[in-house]
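Welcome! Take a moment to look through the sequence and the 3D view, and then let us walk through them together.

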Amino acid sequence: MKGIYKFVAGNSRVTPVGLAAAVAAAVFLRGRASGASAAVYLAILIGTLVVAALEKPQ
């Protein structure tokens, strides 16, 4: 299980939270075909990537 977590999350503490937020946003915004919903989803993923990249290594 630890190996799967390390592969998926890159041993980051922020990535699982960001991915959960992105999944929640996708479920909440499902059926809305507007550019704003796509921008929100993309902003969550990019924000997660930035914060995970700036996170101190464990």
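## Starting at Ile4

Ile4 has a relative accessibility of 54%, so this residue counts as exposed, the cut-off for exposed being over 50%. You will find Ile4 in helix α1, which covers residues 2-9. Please keep in mind that the model you are looking at is predicted.

How far apart are Ile4 and Ala25 in sequence and in space? They are separated by 21 residues in sequence, and their C-alpha atoms lie 24 Å apart.

## The whole chain

Now zoom out. The protein chain has 3 helices and 0 strands, and reading from the N terminus the order of elements is α-α-α.

What are the dimensions of the C-alpha trace along its principal axes? The trace spans about 40 × 25 × 10 Å. The radius of gyration of the protein chain is 13 Å, whereas a compact globule of 58 residues would have a value near 10 Å.

## Surface and contacts

Of the 58 residues in the protein chain, 16% count as buried. The accessible surface of the chain is about 4,500 Å², and carbon and sulfur atoms make up 73% of that surface.

Contacts tell us about sequence distance too. Among the contacts in the protein chain with a separation of 6 or more, 50% are between residues 24 or more positions apart.

## Helix α2 and its two sides

Helix α2 runs over residues 14-28, which makes 15 residues. At 1.5 Å a residue, a span of 21 Å is expected, and the end C-alpha atoms are indeed 21 Å apart, so the two values agree.

Which residues of α2 are buried? They are Thr15, Gly18, Ala22 and Ala25. These four cover an arc of only 90° around the axis, which means that they sit on the same side of α2. Turn the helix around and you meet the face directed away from that buried side, where the exposed residues Val17, Val23 and Phe28 are found.

## Thr48 in helix α3

Our last stop is Thr48, a residue of helix α3, which covers residues 35-54. Is Thr48 buried or exposed? Thr48 counts as buried because its relative accessibility is 11%, and buried means under 20%.

What does Thr48 touch, leaving aside its neighbours within four places in sequence? Thr48 is in contact with Val14, Thr15 and Gly18. Two of these names may be familiar: Thr15 and Gly18 are among the buried residues of α2.

Terms used: Residues are numbered from 1 along each chain as its sequence is written. This is a predicted model: local features need pLDDT of at least 70, side-chain atom pairs count only at pLDDT 80 or more; totals for chains, interfaces and linings use all residues. Side-chain values use heavy atoms; hydrogens and water are left out. Helices (H or I, at least four residues) and strands (E, at least two) are DSSP runs, numbered from the N terminus. The radius of gyration is taken over C-alpha atoms; the globule rule is 2.2 Å times the number of residues to the power 0.38. Buried means under 20% relative accessible area, exposed over 50%, partly exposed in between (1.4 Å probe, protein chains only). Contact means heavy atoms within 4.5 Å. Accessible areas come from the Shrake-Rupley method with a 1.4 Å probe; for residues, only the protein chains shown count as cover. The expected span of a helix is 1.5 Å times one less than its number of residues. The arc is that of the directions from the helix axis to the C-beta atoms.
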